[in-house]
Amino acid sequence: MSGYTLTWKAGGEGQGPGAMGQGIDGASLRPDTLGVLDRDAVARVDLFAGQTVVTLGDLFDIAGEPGDCLTLRNTPPLDHLGALMQRGELIIEGDAGDNLGASMAGGLIRVHGSAGARVGGPHVTSRRGMSGGEILIDGNAGDFAGFLMRRGLIAIGGASGHSVGYRMIAGSIVLMQKPVDHPGLEMQRGSIVCLNKDALAGGGRHLIEGGVISAGAMPALLLVLRRLRELRWPVDGPHPKSLPGGEGAGAGIDLPRIAAGKWRLWSGDKFELNKGEVLQWLS
């Protein structure tokens with residue numbers, strides 16, 4: 001897939017605002033907007049650091065050509081990366097800051113690192129979280145991942161912070177580790193899926209335990225797991241030992257085996273519509 005690669009310059013140009021990444025708003029770093037510009041136009045794109053404006057070319061070396069993919073290398077954990085994104089693929093080779101994929105409507109974000117708070121949550125201009133697209137995070141995610149999420153998919157390979165799926169309306173969140181507390185608090189619909197059988201995914205008076213069921217009774221879950229397999233997530237990394245491995249080098253975990261297993265179900269939030277679900281793979 002063609003596109004630009006932006007490599008962070010060591011310290012930026014000089015020691016001015018944003019030289020070390022502090023205060024830089026990454027909302028302009030999107031494949032669907034930068035991918036239609038020529039290289040000179042990309043270099044002139046404004047990035048905001050508080051009340052100060054710097055140009056993209058001041059902070060990044062630019063390689064590649066117009067296209068549907070944007071790769072960020074050696075970038076500090078900037079906030080709002082992929083915000084309002086409509087299409088294309090954003091690859092972050094490192095960590096992302098807060099509000100990753102805020103109010104995004106389409107496309108794919110891959111983070112080969114960790115992310116901050118409110119992954120897939122609402123942009124500052126909106127009261128709606130992500131309404132489409134996919135966010136795959138290899139590492140950890142901060143608090144309130146999936147806040148006000150309406151559609152789409154978030155997958156978190158490491159630990160998630162407090163209240164994952166807070167007030168989510170629809171969509172799917174897949175976790176390799178347990179949520180810290182209160183998954184799906186005030187959720188209306190949607191699915192939170194925990195693939196670690198050794199970690200209790202449910203908990204809290206807002207959820208109702210529904211027993212053990214088979215994946216065959218949940219076609220939507222099977223679609224989500226098949227999609228993750230298509231995206232080759234997760235491939236490598238420190239996954240829980242309770243997960244079965246796939247076949248061959250770099251095959252990652254065996255998602256087909258997990259999909260065919262047994263699952264514990266909770267519904268919630270019972271103080272809302274009680275149409276959401278929290279699922280934990282058992283065997």
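Buried means under 20% relative accessible area, exposed over 50%, and partly exposed in between, using a 1.4 Å probe and protein chains only. Keep that in hand for the exercises below.

This is a predicted model, where local features need pLDDT of at least 70, side-chain atom pairs count only at pLDDT 80 or more, and totals for chains, interfaces and linings use all residues. Residues are numbered from 1 along each chain as its sequence is written, and side-chain values use heavy atoms, with hydrogens and water left out.

**Exercise 1. Work out whether Ser 163 is buried or exposed, and find where it lies.**

Step 1: Ser 163 has a relative accessible area of 8%, so it counts as buried.

Step 2: Find its place. Ser 163 sits in the loop between E9 and E10; helices (H or I, at least four residues) and strands (E, at least two) are DSSP runs, numbered from the N terminus.

Step 3: Check the backbone. Phi of Ser 163 is near 55 degrees, which is positive in a residue other than glycine. Most residues other than glycine have a negative phi, and most peptide bonds are trans.

Step 4: Try Leu 148 in the same way. Leu 148 lies in the loop between E8 and E9, and has a positive phi of about 60 degrees although it is not a glycine. With 12% relative accessibility, Leu 148 counts as buried.

**Exercise 2. Decide how far the model can be trusted along the chain.**

Step 1: Start with the average. The mean pLDDT (the predictor's confidence in each residue, from 0 to 100) is 88 for the protein chain, and 87% of its residues reach 70 or more.

Step 2: Look for a weak stretch. Over residues 12-18 the pLDDT is below 50, and beyond near neighbours in sequence this stretch has 10 contacts in the model; a contact means heavy atoms within 4.5 Å.

Step 3: Draw the lesson. Where pLDDT is low, the predicted coordinates should not be read in detail.

**Exercise 3. Sum up the chain as a whole.**

Step 1: Count the elements: the protein chain has 5 helices and 14 strands.

Step 2: Look at burial: 54% of the 283 residues are buried.

Step 3: Look at the surface. The accessible surface is about 12200 Å², and 49% of it belongs to carbon and sulfur atoms; these areas come from the Shrake-Rupley method with a 1.4 Å probe, and for residues only the protein chains shown count as cover.

Step 4: Take the contacts between residues at least 6 apart in sequence: 48% of them join residues at least 24 apart.

**Exercise 4. Trace the sheet and name its edge strands.**

Step 1: Write down the order. There are 12 strands in an open sheet with mixed pairing, running E4-E1-E5-E6-E7-E8-E9-E10-E11-E14-E13-E12. Two strands pair if DSSP finds at least two bridges between them.

Step 2: Go to the ends. E4 (60-64) and E12 (207-214) each have a single partner strand, so one side of each is left without a neighbour in the sheet. From one strand to the next, the twist averages 15 degrees.

Step 3: Walk through some pairs. E6 (residues 89-93) and E7 (residues 108-111) run parallel with 4 bridges, and Ile 92 stands opposite Val 111 in E7. E8 and E9 are parallel too, joined by 5 bridges, with Glu 134 opposite Leu 153 in E9. Next, 4 bridges join E9 to E10, again parallel, and Ile 154 has Ile 173 in E10 as its bridge partner.

Step 4: Add a helix. H4 (residues 219-230) lies across several strands, including E8 (131-137) and E9 (151-156), and runs at about 60 degrees to E9. Axes here are lines fitted to C-alpha atoms, for helices over the stretch in contact, and angles run from 0 to 180 degrees between N-to-C directions.

**Exercise 5. Find what the side chain of Asn 196 contacts.**

Step 1: Place Asn 196: it is in the loop between E11 and E12. Its relative accessibility of 7% makes it buried.

Step 2: Find the partner. A polar contact of 3.4 Å joins the side chains of Asn 196 and Gln 177. Such a contact is a pair of N or O atoms within 3.5 Å; within protein, one must be able to donate a hydrogen and the other to accept it, and residues adjacent in sequence count only if both atoms are side-chain atoms.

Step 3: Compare the spacing. Asn 196 and Gln 177 are 19 residues apart along the chain, with C-alpha atoms separated by 5.8 Å.
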